[in-house]
Amino acid sequence: VDRDIDARNPRTRDRELPRGLLSAAAVRGLVLVSCAVFVLDLRSQRIATAERVRICDPAQLVDLAEFLEENAHRPVVYVGLSVPLVHIPDWVANTGVALGGHGTDAADRWEFEKARQSRDELVHLLAAHRRRYPEQVLLLLGGDIHTGVVSSLELAGAPPAVQAVSSAVTNLESAFHRGFAHALTRLQHGLTTGTGESACEARLLPGEPGARLNPYAGLNVGA
C-alpha cells in the first residue's frame with residue numbers, strides 16, 4: 001500500500017518492494033497464503049448485568065479456537081479485537097466506572113472487574129494456542145483508544161503475542177484527549193493483568209531508528 005512512500009523515505013527506500021526486487025502481486029500472493037484473519041465481534045454481542053460484563057460471546061470463543069487450530073500451519077495469524085486485550089491497569093478501569101458510571105468507556109474495557117471473566121477466558125485460549133504452536137506469529141489488532149501502540153503480550157507464561165493498536169486514522173482528538181490517552185497507554189509497560197493461567201504481561205516494543213514513538217498519538221493508518 002505504501003511502497004511509493006517507502007521509496008521516497010531514506011529509511012525505507014532500500015526495502016525489497018521500493019527497489020523492485022519483489023512485485024506487488026507477489027507480495028499480495030505471499031500474504032494470502034501465509035496468514036489468516038479472525039475478527040471478534042465485541043460490540044453487538046456485549047451483555048452487561050449487575051454481576052458481570054460479557055464482552056465476548058462464548059460461541060465466538062469456540063469459533064476462534066477452531067479457527068486457530070485449522071490455521072496452525074500458517075506462519076502468521078491475525079485476531080481482530082475492537083477493544084484491546086491489554087490497555088490500562090485494572091484500577092484505572094474500575095475508578096473510571098466508579099466516577100462516570102457504566103455508560104463510560106471504562107465499562108467496555110477488559111480490565112473492568114466485571115469483565116475479567118471474559119478476559120481470562122480469552123487469555124487462557126490464546127495462551128494454550130501459543131504453547132502448542134510457539135513458532136507461529138500471533139498478532140492482536142485493535143483500536144478504540146485514540147493512541148497507537150505496539151506491545152508484546154506474554155500470555156500466562158506462553159511465548160508472547162504482539163498487540164498492535166491503531167490511533168485515529170482521520171478524526172484527530174483534541175490535544176487534551178490525545179495527551180490523556182497517551183499517558184494511560186504508557187502505563188502498559190510492565191503491566192500484568194490476571195493471575196495463573198490467565199495472567200498477561202505487557203511490554204511496549206521499541207521502534208526502529210527514526211520511528212521510535214510508541215505510543216503514538218498522531219494520525220496513522222493502523223497496523
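These legends go with close-up views of a predicted model of one protein chain.

**View 1. The whole chain, built from helices and strands.**
The chain holds seven helices and nine strands. It has 223 residues, and 42% of them count as buried. Now look at contacts with a separation of 6 or more. Residues 24 or more positions apart account for 67% of these contacts. The accessible surface comes to about 11800 Å². Carbon and sulfur atoms own 57% of that surface.

**View 2. The largest nonpolar core and its leucines.**
This core has 42 residues. Which of them touch the most other members? They are Leu40, Leu64, Leu85, Leu122, Leu126 and Leu155. Several elements give two or more residues to the core. Among the helices are H4 (58-70), H5 and H6. Among the strands are E1 (35-40), E4 (76-81) and E5 (137-142). Strand E6 (149-155) and strand E9 (200-204) also belong to this group. Helix H6 gives the most, with five residues.

**View 3. Leu155 and the residues it touches.**
Leu155 is one of the core residues that touch the most other members. Set aside residues up to four places away in sequence. Leu155 then touches Leu85, Val123, Leu126 and Ala127, among others. Its partners also include Arg130 and Arg131. Ala161, Ala199 and Cys200 complete the list. Two of these partners, Leu85 and Leu126, are named with Leu155 among the core residues that touch the most other members.

**View 4. Ser118 in helix H6.**
Helix H6 covers residues 116-132, and Ser118 is found in it. Is Ser118 buried or exposed? Ser118 has a relative accessible area of 1%, so it counts as buried; the cut-off for buried is under 20%. Leave aside its neighbours within four places in sequence. Ser118 is then in contact with Arg52, Val53, Arg54, Ile55 and Cys56. Trp110 is in contact with Ser118 too.

**View 5. The second largest pocket and its lining.**
About 380 Å³ of space lies in this pocket. How many residues line it? The lining has 15 residues. The closest to the pocket centre are His87, Asp105, Arg109, Phe180 and Leu184. Helix H5 (90-100) and helix H7 (175-186) each give two or more residues to the lining. The largest share, four residues, comes from H7. By class, the lining has seven nonpolar, five polar and three charged residues.

Notes: Residues numbered from 1 in each chain as written. Predicted model: local features only at pLDDT ≥ 70, side-chain atom pairs only at ≥ 80, totals over all residues. Heavy atoms only, no water. Buried < 20%, exposed > 50% of the residue type's maximum accessible area, 1.4 Å probe, protein only. Contact = heavy atoms within 4.5 Å. Areas by Shrake-Rupley, 256 points an atom, 1.4 Å probe, with all protein chains shown as cover. 1 Å grid on protein atoms, 1.4 Å probe; cavity = no way out; pocket = protein on both sides within 12 Å on 5 of 7 lines; lining within 4 Å. Points joined across faces, edges and corners; volume = space filled by probe spheres on them. Nonpolar A, V, L, I, M, F, W, Y, C, P; charged D, E, K, R; others polar. Core = buried A, V, L, I, M, F, W, Y, C linked by side-chain atoms within 4.5 Å.
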